[in-house]
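Open the structure in your viewer and keep the selection panel at hand. The tour goes chain by chain, with a stop at an interface.

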Amino acid sequence: MTDTTHTTQAPDDADILLSVRGLSKQFLTGSGPVKAVEDISFDVRRGQIVGIVGESGSGKTTAGRCLLRLVEPSSGKAIFDGVDLFSLPEKALRAYRRRLQIIFQDPYSSLNPRMRVRDIIGEAIDTHGLAKGAARQARIEELLTRVGLSPEHASRYPNEFSGGQRQRVGIARALAVEPELIIADEPVSALDVSVQAQVLNLIQELQRELGLTMIFISHDLTVVEYLCDEIVVLYLGRIMEQGPARSVYAKPRHPYTRALLATAPVPDPNVRRERVILQGDIPSPLDPPSGCVFRTRCPHAIAACAETVPTRETVGPGHSVACIRQAELAETYQD
Amino acid sequence: MAAASAPSVDTPRISTLILQRKTLAIGLAIIVAITLLAVLAPLIAPYSPSKLSIVNRLKPPSSTWFFGTDEFGRDVFSRTIYAGQLSLLVGAAATALAATVGITLGLVAGFFRKADGIVSRIIDAMMAFPDILLAIALVAALGPSLATVIIALGVVYAPRLARVVRASTLVIRELPYVEAARALGVPTWRIMTRHVLRNLVSPILVQATFIFAYAMLAEAGLSFLGVGVSPEIPTWGTMIAAGRQYVGQADWMTIFPGFAIILTVLSLQLVGDGLRDLLDPRLRKDL
Amino acid sequence: MAMSTPNADNHPDALADDIVLRAEDLRTHFIMGTRTAKSVDGVTLTVRRGQTLAVVGESGSGKSVTSLSIMRLLSHPGRIVGGRLLYRMRDGGVVDLATLSDKRMRAIRGKEIAMIFQEPMTSLNPLYTVGDQIMEMIRLHEPISRHEARIRARRMLELVEIPAPDKRLDQYPHEMSGGMRQRVMIALALACNPALLIADEPTTALDVTIQAQILDLMRRLQREIGMSILFVTHNLGVVAEIAHEVAVMYAGRVVEQAPVHDLFARPRHPYTKGLLACIPDAKRDRAEDGTRKMLNPIPGSVPSVLALPAGCAYAPRCPLAEAHCESVPPDLLNASPEHLTRCWRHELL
């Protein structure tokens, strides 16, 4: 059933660690069904960092949770190393839990306040029986050192740490099971700028040294541009544009991407960009606009936008856009 | 490193922590004293609680009878400390039963959406009845005895705990650290105990101290109404019930067991409040 | 105009004509038993008429406490323990907000100085319609009828570009989106035409496209009404968009104040320089072939306000620090006539 909605077939590429196809998630709420994520497809290559960008209600967090089956997806596939994660029974999924991990946004609520750091990291090790006794202790210390903390921190409770240090503990917990793919959900958004840089450096070091693949969920376009290789732009649960980060940032082809880039504050008072200030609010996901969901705020919307859901059109190598006017608008963008 | 300025790594001794909280220390001291009095009653009581002495009936408190005597001439002081044994036993046993049932139901309802509908309905239905009416009905159905009073009170108060546990579980199960545990593949029962239950210790303890107090009061109420334990067995409730007829001429018969209940309930509340602060590591550093 | 010794003249009228607010060596401490949190410990800053001063700092820098001190809305045990807060009233008189009576302060709040917060939901009363709240605000300060107040309230909603203002007047805060609520907060703040608006992280909780709308609105309102704005934020990108002048705070002090272009072009405090260097910038931090360079974070972390170092609070993290920096706290020095810095070694920057 879902196969017909795909514009692309799952590619037969050994480089691809995770291939998401037609991921959809509907929540049933008191006021009716909400399509939080609607027909999302993208690939994650080994060793790459894929950025998922969007504002509130874009479904970026739900998409990440679905990939980990923390939220059960409504439909779609997530082929991880040849196996569809979404069709795995709970038992078989447990083995895969070790290979995919998550880092959270809020360094406060992501650590159990009643567990010592040693037990937080130890639980990960124990769950998969990775080490026991002295080896377990050594592994915990190694992980703490690896994320820039010291072994003495093992006996402390989370409340004895600063936000940045807590985030490091969360990273150590994720690393404890030696995952291949890490989903980082706004991991630096709650941190101060100077601490944010420390954590971003740590994430990169780990990514390089451990050969990690990463999905980096964020609303911060500056960080994503710096960090990510590929980028997926979400709006109201749909993909507006996706492609190599450099190409998307250099030549954004969707009006929404352009607006996002134009409104992201840049720490330079001399930058006077074309100001594309979107009017109005993000519509309620309970009652999304017909056709293209972005049309109610799009400066280029025409009558046809209300009628057809735009399909993704390829505009460059790996770069695709869901906008029926992308070809004609592309000309006005040349500058 | 930066954390060097954070509080010391050593966890202070539990005794130090308790002593630093005056109300907790006072509450604990009173509870311990009352419990000791009750347990050591055979050694402390100047008279047997059941020794009749028609000559000395309804004597006011004096140096011979600290709390006076009742309508059969029994020593009220001796009876009060003996009665503590059963009153505390009923309170503790009913609380333990309520906790076991309530925590289990609450966790199951909070964690498994499918079970929630049924469990929540039952909880709501039970809480719709006044405690004492429900207890009376249960005791009547099971036949009055010490065990049925305990069971009845345990069942009556279990929904209170279940509700607290369910509500907190619903919140905690959505927290990122629970998600992290799920993402790690930690089995559900471990998540329920390690991540959820451990963070519920303080609300459970607070509720448990309340239930302890309520159960003691309810036992007194049941005895007072004559549906509790046999009137011959001294509990604070049966003593007050017996003293009721003599309130005008021998108020000490009700005042002293009544005071015992009040003191116990009050100190339980102090302990509950103190423990809540003590058990929360987030508050611990603010000593 | 900017003095290197701020207390040189103690006469209240020593406020230059174009200055609306001047904090001089403001100290706000939180005294808890034997411990004292020196959240604000020597803040000197200047807000000019019709301009926006952005106060930027990380968490714990004292930026929010500074704005609450100006409004005198400190919660217990916070207290202004020193310094002056010279404010020029609309009638031209100068008052020291730090020592003003509570009664006179109440008359100033809303009418002379208004404030908006990060989370508009918590600063709006959920039980009243937004119309009622704006009308109440107006009638608190001006003796006008309900009918007139409603007309004014409607005009305020139009001013902040809220569509269908008549309908919105009768709505409750929870019926609105975050962006709309922040507009309502701005309307509420501006209802009595204050001379100074204090905005504490007003766009932090908003999405970028909504943030852009609010920043745009604030700029437009300032142009039209001519109010001065003290804009508290942690986001240097937002600073670059909205500020005329910038005051950078670190550990309870303003370590640098300068016109926005000067500050970004040549920061004269190593902390400011460090902050700018650690914000990722793909153009600077990624090579031609796309490979990333490591960022340059500031080492260590912010000192606790419970135990500030004796000398410069930034010295333990500063690449330029020498022995002198660690023992003697730097004065506010002039790096150029309009550029103030608390760094002994600013000439090296």
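Contact here means heavy atoms within 4.5 Å. Angles run from 0 to 180 degrees between N-to-C directions. With that in mind, note that the model is predicted.

**Stop 1: the sheet of chain A**

Select helix H5 of chain A, residues 163–175. H5(A) lies across E6 and E7 of chain A and runs at about 175° to E6(A). Now add strand E6 (100–103) of chain A and strand E7 (residues 181–185) of chain A. The two strands pair in the parallel sense, over four bridges. Zoom in on A:Leu100: A:Leu181 in E7(A) stands opposite.

Widen the selection to the whole sheet. It is open, has eight strands and mixed pairing, and its order in chain A is E6-E7-E8-E3-E9-E10-E12-E11. Which strands stand at the edges? They are E6(A) and E11(A), the latter at residues 313–316. Each has a single partner strand, so one side of each lacks a neighbour in the sheet. On average, neighbouring strands of this sheet are turned by 20° against each other, direction ignored.

Next, select helix H1 of chain A, residues 60–67. H1(A) lies across five strands' worth of labels to click through: E3 (49–53), E6, E7, E8 (213–218) and E9 (230–235) of chain A. Its direction is about 150° to E8(A).

Then colour residues 18–261 of chain A, which an unreviewed UniProt entry annotates as "domain: ABC transporter". The span is 37% helix and 27% strand, and its end C-alpha atoms lie 27 Å apart.

**Stop 2: where chain A meets chain C**

Show both chains. Here 43 residues of chain A are in contact with 44 residues of chain C. Between them the chains bury about 3600 Å², with 53% of it on carbon and sulfur atoms. Which three residues supply more of the area that chain A buries than any other three? Select A:Val193, A:Tyr226 and A:Pro269: they supply 18% of the area that chain A buries against chain C.

**Stop 3: the sheet of chain C**

Hide chain A. In chain C, find an open sheet of four strands with antiparallel pairing, in the order E2-E1-E4-E5. E2 (35–48) and E5 (94–96) of chain C stand at the edges. Each has a single partner strand, so one side of each is left without a neighbour in the sheet. Neighbouring strands are turned by 5° against each other on average, direction ignored.

Select E4(C), residues 78–88, together with E5(C): the antiparallel pairing runs over three bridges. C:Tyr87 has C:Val95 in E5(C) as its bridge partner. Then add helix H1 of chain C, residues 63–71. H1(C) lies across E1 (19–32), E2 and E4 of chain C, at about 110° to E1(C).

**Stop 4: two crossing helices in chain C**

Select H4(C), residues 130–141, and H5(C), residues 146–159. Their axes come within 9 Å and cross at roughly 115°. The crossing is right-handed. Among the contact residues are C:Ile134 and C:Ile138 of H4(C), and C:Ala153 and C:Met156 of H5(C). The residues of this contact divide into seven nonpolar, one polar and five charged.

**Stop 5: annotated spans of chain B**

An unreviewed UniProt entry gives chain B the annotation "transmembrane region" at several spans, including residues 200–217 and 255–275. Residues 200–217 of chain B are 94% helix and 0% strand, with end C-alpha atoms 25 Å apart. Residues 255–275 of chain B are 100% helix and 0% strand, with end C-alpha atoms 30 Å apart.

Terms used. Residues numbered from 1 in each chain as written. Chains lettered and ligands numbered in written order. Predicted model: local features only at pLDDT ≥ 70, side-chain atom pairs only at ≥ 80, totals over all residues. Heavy atoms only, no water. Left-handed = near helix turned anticlockwise from the far one by under 90°. Nonpolar A, V, L, I, M, F, W, Y, C, P; charged D, E, K, R; others polar. Pairing = 2+ DSSP bridges. UniProt positions renumbered as here; feature names shortened; annotations may be inferred. Buried area = accessible area lost by both parts, 1.4 Å probe.
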